[in-house]
Amino acid sequence: MTRHYAVFGQPVLHSLSPKIHQAFARQTGIDLDYVAIECAPDDLADALAAFAARGGLGANVTLPHKQRAAELCGALSARAERAGAVNTLVREGDGWRGDNTDGAGLVRDLTERHGLDLRGRRTLLLGAGGAARGVAPSLLDAGVGDVFVVNRDSARADALVDWIGEPGRVHSRYFEDLGTLGEFDLILNATSAARTGALPTLPMSLVGPRSAAVDLSYGEAAIPFLAWARAAGARDAIDGLGMLVEQAAESFFLWHGVRPGTGQVYAELAARHAALQTAD
Ligand code: ATR
(Lines give C-alpha, C1' and ligand atoms only; values in the text may rest on other atoms or scores of the structure.)
Protein backbone atom coordinates (compact mmCIF):
# COMPACT_ATOMS: atom_id res chain seq x y z
CA MET A 1 0.00 0.00 0.00
CA THR A 2 1.28 3.45 -0.89
CA ARG A 3 2.52 5.48 2.08
CA HIS A 4 1.91 9.23 2.01
CA TYR A 5 4.49 11.90 2.81
CA ALA A 6 4.80 15.62 2.10
CA VAL A 7 6.91 18.71 2.59
CA PHE A 8 5.24 21.91 3.85
CA GLY A 9 6.76 25.32 3.21
CA GLN A 10 6.29 28.77 1.71
CA PRO A 11 7.60 28.84 -0.94
CA VAL A 12 7.96 25.11 -1.47
CA LEU A 13 7.00 24.30 -5.04
CA HIS A 14 10.67 24.49 -6.13
CA SER A 15 11.62 21.92 -3.46
CA LEU A 16 13.80 18.99 -4.50
CA SER A 17 12.58 16.87 -1.58
CA PRO A 18 9.87 15.00 -3.58
CA LYS A 19 12.49 13.99 -6.16
CA ILE A 20 14.97 12.91 -3.49
CA HIS A 21 12.45 10.81 -1.55
CA GLN A 22 11.18 9.17 -4.75
CA ALA A 23 14.77 8.29 -5.66
CA PHE A 24 15.33 6.77 -2.20
CA ALA A 25 12.03 4.87 -2.56
CA ARG A 26 13.11 3.36 -5.90
CA GLN A 27 16.48 2.43 -4.41
CA THR A 28 14.96 0.69 -1.37
CA GLY A 29 11.80 -0.73 -3.01
CA ILE A 30 9.38 1.21 -0.79
CA ASP A 31 6.01 2.28 -2.26
CA LEU A 32 5.43 5.92 -1.31
CA ASP A 33 4.29 9.23 -2.65
CA TYR A 34 5.78 12.52 -1.48
CA VAL A 35 4.27 15.85 -2.47
CA ALA A 36 5.01 19.53 -1.84
CA ILE A 37 2.27 21.49 -0.04
CA GLU A 38 2.46 25.27 0.03
CA CYS A 39 0.88 26.95 3.05
CA ALA A 40 1.09 30.19 5.03
CA PRO A 41 2.41 30.03 8.63
CA ASP A 42 -1.06 30.59 10.11
CA ASP A 43 -2.43 27.67 8.08
CA LEU A 44 0.22 25.10 9.03
CA ALA A 45 -1.79 23.44 11.81
CA ASP A 46 -4.86 23.01 9.58
CA ALA A 47 -2.81 21.87 6.60
CA LEU A 48 -1.05 19.22 8.71
CA ALA A 49 -4.36 18.04 10.18
CA ALA A 50 -5.89 17.74 6.69
CA PHE A 51 -2.84 15.80 5.52
CA ALA A 52 -3.10 13.41 8.48
CA ALA A 53 -6.82 12.92 7.75
CA ARG A 54 -5.85 11.88 4.20
CA GLY A 55 -3.53 9.21 5.65
CA GLY A 56 -0.29 11.21 5.83
CA LEU A 57 2.32 9.31 7.84
CA GLY A 58 5.16 11.78 7.86
CA ALA A 59 6.16 15.24 6.72
CA ASN A 60 9.06 17.57 6.35
CA VAL A 61 8.65 21.24 7.12
CA THR A 62 10.88 23.88 5.66
CA LEU A 63 11.04 27.64 5.93
CA PRO A 64 9.33 29.46 7.48
CA HIS A 65 7.64 26.71 9.52
CA LYS A 66 10.41 25.02 11.51
CA GLN A 67 9.84 26.72 14.85
CA ARG A 68 6.04 26.74 14.55
CA ALA A 69 6.07 23.02 13.73
CA ALA A 70 7.91 22.30 16.97
CA GLU A 71 5.02 23.88 18.87
CA LEU A 72 2.47 21.72 17.04
CA CYS A 73 4.12 18.41 17.93
CA GLY A 74 2.86 16.28 20.82
CA ALA A 75 6.39 14.94 21.40
CA LEU A 76 9.88 16.02 20.38
CA SER A 77 13.14 14.09 19.97
CA ALA A 78 16.01 15.26 22.15
CA ARG A 79 17.72 16.99 19.22
CA ALA A 80 14.51 18.76 18.14
CA GLU A 81 13.96 19.85 21.73
CA ARG A 82 17.50 21.19 21.86
CA ALA A 83 17.09 23.07 18.59
CA GLY A 84 13.58 24.34 19.37
CA ALA A 85 12.89 23.64 15.69
CA VAL A 86 11.61 20.70 13.72
CA ASN A 87 12.09 19.61 10.10
CA THR A 88 10.66 16.08 10.29
CA LEU A 89 7.27 14.97 11.59
CA VAL A 90 6.39 11.35 12.25
CA ARG A 91 2.76 10.36 12.77
CA GLU A 92 2.42 8.80 16.22
CA GLY A 93 -1.08 7.83 17.43
CA ASP A 94 -3.25 10.84 16.72
CA GLY A 95 -0.44 13.39 16.89
CA TRP A 96 2.99 14.20 15.50
CA ARG A 97 6.41 13.47 16.90
CA GLY A 98 8.92 16.12 15.85
CA ASP A 99 12.55 15.53 15.02
CA ASN A 100 15.28 17.60 13.44
CA THR A 101 17.63 16.01 10.92
CA ASP A 102 19.11 19.27 9.56
CA GLY A 103 22.11 19.41 11.87
CA ALA A 104 23.06 15.76 11.42
CA GLY A 105 22.64 16.19 7.65
CA LEU A 106 24.85 19.29 7.58
CA VAL A 107 27.61 17.72 9.66
CA ARG A 108 27.59 14.52 7.60
CA ASP A 109 27.79 16.51 4.37
CA LEU A 110 30.63 18.74 5.56
CA THR A 111 32.72 16.00 7.16
CA GLU A 112 32.08 13.00 4.92
CA ARG A 113 31.33 14.47 1.48
CA HIS A 114 33.52 17.56 1.67
CA GLY A 115 36.18 16.17 4.02
CA LEU A 116 36.17 19.14 6.44
CA ASP A 117 37.50 18.69 9.95
CA LEU A 118 35.13 20.88 11.98
CA ARG A 119 36.94 20.54 15.28
CA GLY A 120 38.06 23.78 16.85
CA ARG A 121 36.82 25.94 13.98
CA ARG A 122 36.00 29.51 14.99
CA THR A 123 32.48 29.75 13.61
CA LEU A 124 30.19 32.55 12.45
CA LEU A 125 26.51 31.68 12.19
CA LEU A 126 24.56 34.26 10.18
CA GLY A 127 20.85 34.03 11.01
CA ALA A 128 18.85 33.00 14.05
CA GLY A 129 15.67 31.49 12.60
CA GLY A 130 14.62 27.87 12.38
CA ALA A 131 17.45 26.91 10.04
CA ALA A 132 20.12 28.33 12.37
CA ARG A 133 18.54 26.69 15.39
CA GLY A 134 18.40 23.36 13.62
CA VAL A 135 22.11 23.21 12.90
CA ALA A 136 23.69 24.95 15.92
CA PRO A 137 23.53 22.02 18.39
CA SER A 138 25.00 19.55 15.87
CA LEU A 139 27.87 21.90 15.04
CA LEU A 140 28.66 22.20 18.74
CA ASP A 141 28.53 18.42 19.11
CA ALA A 142 30.86 18.08 16.12
CA GLY A 143 33.44 20.05 18.10
CA VAL A 144 33.53 23.49 16.49
CA GLY A 145 35.24 26.16 18.59
CA ASP A 146 33.61 29.44 19.61
CA VAL A 147 30.38 30.22 17.76
CA PHE A 148 29.30 33.82 17.08
CA VAL A 149 25.63 34.26 16.16
CA VAL A 150 24.79 37.40 14.18
CA ASN A 151 21.28 38.26 13.08
CA ARG A 152 19.55 41.28 11.55
CA ASP A 153 17.18 41.26 14.54
CA SER A 154 19.71 41.04 17.36
CA ALA A 155 17.11 40.04 19.96
CA ARG A 156 16.61 36.83 18.01
CA ALA A 157 20.37 36.14 18.07
CA ASP A 158 20.35 36.69 21.85
CA ALA A 159 17.40 34.32 22.20
CA LEU A 160 19.19 31.59 20.25
CA VAL A 161 22.36 32.01 22.29
CA ASP A 162 20.39 31.92 25.56
CA TRP A 163 18.51 28.86 24.37
CA ILE A 164 21.76 26.99 23.68
CA GLY A 165 23.05 27.96 27.12
CA GLU A 166 26.83 27.67 26.62
CA PRO A 167 27.87 31.24 27.45
CA GLY A 168 31.59 30.43 27.39
CA ARG A 169 31.39 29.17 23.84
CA VAL A 170 28.38 30.65 22.02
CA HIS A 171 28.07 34.43 21.75
CA SER A 172 25.79 36.91 20.01
CA ARG A 173 27.10 39.98 18.20
CA TYR A 174 25.52 42.87 16.29
CA PHE A 175 25.37 42.86 12.51
CA GLU A 176 26.96 46.33 12.50
CA ASP A 177 29.98 44.93 14.35
CA LEU A 178 30.80 42.20 11.83
CA GLY A 179 33.83 44.18 10.64
CA THR A 180 35.41 43.99 14.11
CA LEU A 181 35.12 40.25 14.66
CA GLY A 182 38.21 39.09 12.74
CA GLU A 183 38.54 35.94 10.64
CA PHE A 184 36.44 32.80 10.90
CA ASP A 185 37.32 29.22 9.95
CA LEU A 186 33.69 28.40 9.24
CA ILE A 187 31.02 30.86 8.10
CA LEU A 188 27.47 29.64 7.68
CA ASN A 189 24.70 31.56 5.98
CA ALA A 190 21.49 30.39 7.66
CA THR A 191 19.49 33.46 6.60
CA SER A 192 16.82 33.48 3.94
CA ALA A 193 18.04 36.91 2.82
CA ALA A 194 18.72 35.94 -0.78
CA ARG A 195 15.15 34.62 -1.11
CA THR A 196 13.32 37.39 0.70
CA GLY A 197 15.40 40.41 -0.25
CA ALA A 198 19.08 40.88 -0.76
CA LEU A 199 22.02 39.51 1.18
CA PRO A 200 23.36 42.34 3.36
CA THR A 201 26.91 43.49 2.62
CA LEU A 202 29.42 41.38 4.53
CA PRO A 203 32.98 42.53 5.22
CA MET A 204 35.70 40.53 3.48
CA SER A 205 37.72 40.64 6.71
CA LEU A 206 35.61 37.70 7.94
CA VAL A 207 37.32 35.36 5.47
CA GLY A 208 40.81 33.94 5.76
CA PRO A 209 42.71 31.63 3.37
CA ARG A 210 41.52 28.51 5.18
CA SER A 211 37.92 29.57 5.73
CA ALA A 212 35.04 27.39 4.65
CA ALA A 213 31.84 29.20 3.70
CA VAL A 214 28.61 27.22 3.75
CA ASP A 215 25.20 28.35 2.57
CA LEU A 216 22.34 26.25 3.89
CA SER A 217 20.41 27.10 0.71
CA TYR A 218 21.08 25.63 -2.71
CA GLY A 219 20.58 26.77 -6.27
CA GLU A 220 20.10 30.46 -6.99
CA ALA A 221 19.52 31.37 -3.35
CA ALA A 222 23.06 30.25 -2.49
CA ILE A 223 24.80 32.17 -5.26
CA PRO A 224 25.23 35.66 -3.68
CA PHE A 225 26.77 34.41 -0.42
CA LEU A 226 29.05 31.86 -2.08
CA ALA A 227 30.14 34.38 -4.71
CA TRP A 228 31.04 36.80 -1.90
CA ALA A 229 32.98 34.04 -0.10
CA ARG A 230 34.94 33.09 -3.21
CA ALA A 231 35.73 36.74 -3.95
CA ALA A 232 36.95 37.13 -0.36
CA GLY A 233 39.31 34.16 -0.82
CA ALA A 234 37.57 31.34 1.05
CA ARG A 235 39.14 27.93 0.48
CA ASP A 236 35.79 26.13 0.42
CA ALA A 237 32.42 27.46 -0.77
CA ILE A 238 29.74 24.85 -0.23
CA ASP A 239 26.02 25.09 -0.91
CA GLY A 240 23.25 23.28 0.95
CA LEU A 241 22.51 20.64 -1.67
CA GLY A 242 24.49 17.94 0.12
CA MET A 243 22.90 18.86 3.45
CA LEU A 244 19.49 18.64 1.79
CA VAL A 245 20.18 15.12 0.54
CA GLU A 246 21.68 14.02 3.88
CA GLN A 247 18.85 15.42 6.02
CA ALA A 248 16.40 13.70 3.65
CA ALA A 249 18.20 10.37 4.11
CA GLU A 250 17.99 10.81 7.86
CA SER A 251 14.24 11.60 7.65
CA PHE A 252 13.78 8.59 5.35
CA PHE A 253 15.41 6.42 7.99
CA LEU A 254 13.07 7.77 10.70
CA TRP A 255 10.00 6.97 8.57
CA HIS A 256 11.01 3.67 6.98
CA GLY A 257 13.77 2.21 9.15
CA VAL A 258 16.05 1.92 6.10
CA ARG A 259 19.05 4.18 5.43
CA PRO A 260 19.33 4.94 1.70
CA GLY A 261 22.62 5.61 -0.08
CA THR A 262 23.02 9.30 -0.93
CA GLY A 263 25.95 9.39 -3.36
CA GLN A 264 24.09 8.85 -6.61
CA VAL A 265 21.14 11.15 -5.81
CA TYR A 266 23.56 13.91 -4.81
CA ALA A 267 25.66 13.44 -7.95
CA GLU A 268 22.59 13.63 -10.20
CA LEU A 269 21.22 16.76 -8.53
CA ALA A 270 24.62 18.45 -8.46
CA ALA A 271 25.13 17.73 -12.16
CA ARG A 272 21.70 19.13 -13.02
CA HIS A 273 22.27 22.26 -10.95
CA ALA A 274 25.68 22.84 -12.48
CA ALA A 275 24.10 22.46 -15.92
CA LEU A 276 21.30 24.89 -15.06
CA GLN A 277 23.74 27.46 -13.73
CA THR A 278 25.91 27.21 -16.84
CA ALA A 279 22.84 27.56 -19.04
CA ASP A 280 21.73 30.76 -17.27
P1 ATR B 1 14.37 29.73 8.57
O2 ATR B 1 13.53 28.64 9.14
O3 ATR B 1 14.83 29.46 7.16
O4 ATR B 1 15.50 30.12 9.46
P5 ATR B 1 13.08 32.12 9.43
O6 ATR B 1 12.79 31.57 10.79
O7 ATR B 1 12.04 32.95 8.72
O8 ATR B 1 13.38 30.96 8.41
O9 ATR B 1 14.46 32.92 9.54
C10 ATR B 1 15.01 33.58 8.44
C11 ATR B 1 16.37 34.14 8.82
O12 ATR B 1 16.87 34.92 7.73
C13 ATR B 1 16.32 35.08 10.02
O14 ATR B 1 17.55 34.98 10.70
C15 ATR B 1 16.15 36.43 9.33
O16 ATR B 1 16.57 37.55 10.09
P17 ATR B 1 15.52 38.26 11.11
O18 ATR B 1 15.39 37.35 12.30
O19 ATR B 1 16.17 39.57 11.44
O20 ATR B 1 14.22 38.40 10.33
C21 ATR B 1 17.09 36.25 8.16
N22 ATR B 1 16.78 37.18 7.07
C23 ATR B 1 15.74 37.14 6.21
N24 ATR B 1 15.81 38.13 5.31
C25 ATR B 1 16.93 38.85 5.61
C26 ATR B 1 17.58 39.98 5.03
N27 ATR B 1 17.08 40.60 3.94
N28 ATR B 1 18.72 40.41 5.61
C29 ATR B 1 19.25 39.78 6.68
N30 ATR B 1 18.70 38.70 7.27
C31 ATR B 1 17.56 38.23 6.74
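Visitor: Why is Asp 99 called buried or exposed, whichever applies?

Guide: Welcome! This is a predicted model, and the answer comes from a computed value. Asp 99 has 7% relative accessibility. The cut-off for buried is under 20% relative accessible area, so Asp 99 counts as buried.

Visitor: What makes the pairing of Asp 99 and Arg 79 a salt bridge?

Guide: The rule asks for a side-chain nitrogen of Lys or Arg within 4 Å of a carboxyl oxygen of Asp or Glu. In this pair the closest N and O atoms are 2.7 Å apart, so the contact is a salt bridge. The pair links distant parts of the chain, with Asp 99 in strand S6 (residues 95–99) and Arg 79 in helix H4 (residues 78–83), 20 residues apart.

Visitor: Why does Arg 79 count as partly exposed?

Guide: Partly exposed is the class between under 20% and over 50%. Arg 79 has 30% relative accessibility, so that is the class where Arg 79 belongs.

Visitor: Which parts does the salt bridge between Glu 250 and Arg 79 tie together?

Guide: The side chains of Glu 250 and Arg 79 meet at 3.2 Å, N to O. Glu 250 lies in helix H10 (residues 241–256) and Arg 79 in helix H4, so the bridge ties together parts that are 171 residues apart in sequence. Glu 250 counts as buried because its relative accessibility is 8%.

Visitor: Which residues are linked in a network of salt bridges?

Guide: Arg 79, Asp 99, Arg 108, Glu 250 and Arg 259 are linked in this way. For the whole model, the count comes to 13 salt bridges.

Visitor: How do you know whether Arg 235 and Asp 236 are buried or exposed?

Guide: Set each value against its cut-off. Arg 235 has a relative accessible area of 52%, and exposed means over 50%, so Arg 235 is exposed. Asp 236 has 18%, and buried means under 20%, so Asp 236 is buried. The side chains of these two residues also meet in a salt bridge, at 3.8 Å from N to O.

Visitor: What makes the link between the side chains of Tyr 34 and Asn 60 a polar contact?

Guide: A polar contact needs N or O atoms within 3.5 Å. The side chains of Tyr 34 and Asn 60 are joined at 2.6 Å, so the distance fits that limit. Tyr 34 lies in strand S2 (residues 32–38), and Tyr 34 counts as buried because its relative accessibility is 4%. Leaving aside neighbours within four places in sequence, Tyr 34 is in contact with several residues, including Tyr 5, Pro 18, His 21 and Trp 255.

Visitor: How many cavities of 30 Å³ or more does the count come to?

Guide: The count comes to 1 cavity. The largest cavity has a volume of about 50 Å³. Residues lining the largest cavity include Thr 123, Leu 125, Ala 136 and Ile 164. Strand S7 (123–126) and helix H6 (130–141) are the elements that give two or more residues to this lining, and H6 gives the most, with 3 residues.

Visitor: What classes of residue does the lining of the largest cavity have?

Guide: The lining has 7 nonpolar residues, 1 polar residue and no charged residues. Leu and Ile count as nonpolar, so Leu 125 and Ile 164 belong to that class.

Terms used:
Residues numbered from 1 in each chain as written. Predicted model: local features only at pLDDT ≥ 70, side-chain atom pairs only at ≥ 80, totals over all residues. Heavy atoms only, no water. Helix = DSSP H or I, 4+ residues; strand = E, 2+ residues; numbered from the N terminus. Buried < 20%, exposed > 50% of the residue type's maximum accessible area, 1.4 Å probe, protein only. Contact = heavy atoms within 4.5 Å. Polar contact = N/O pair within 3.5 Å; in protein donor to acceptor, adjacent residues only side chain to side chain. 1 Å grid on protein atoms, 1.4 Å probe; cavity = no way out; pocket = protein on both sides within 12 Å on 5 of 7 lines; lining within 4 Å. Points joined across faces, edges and corners; volume = space filled by probe spheres on them.
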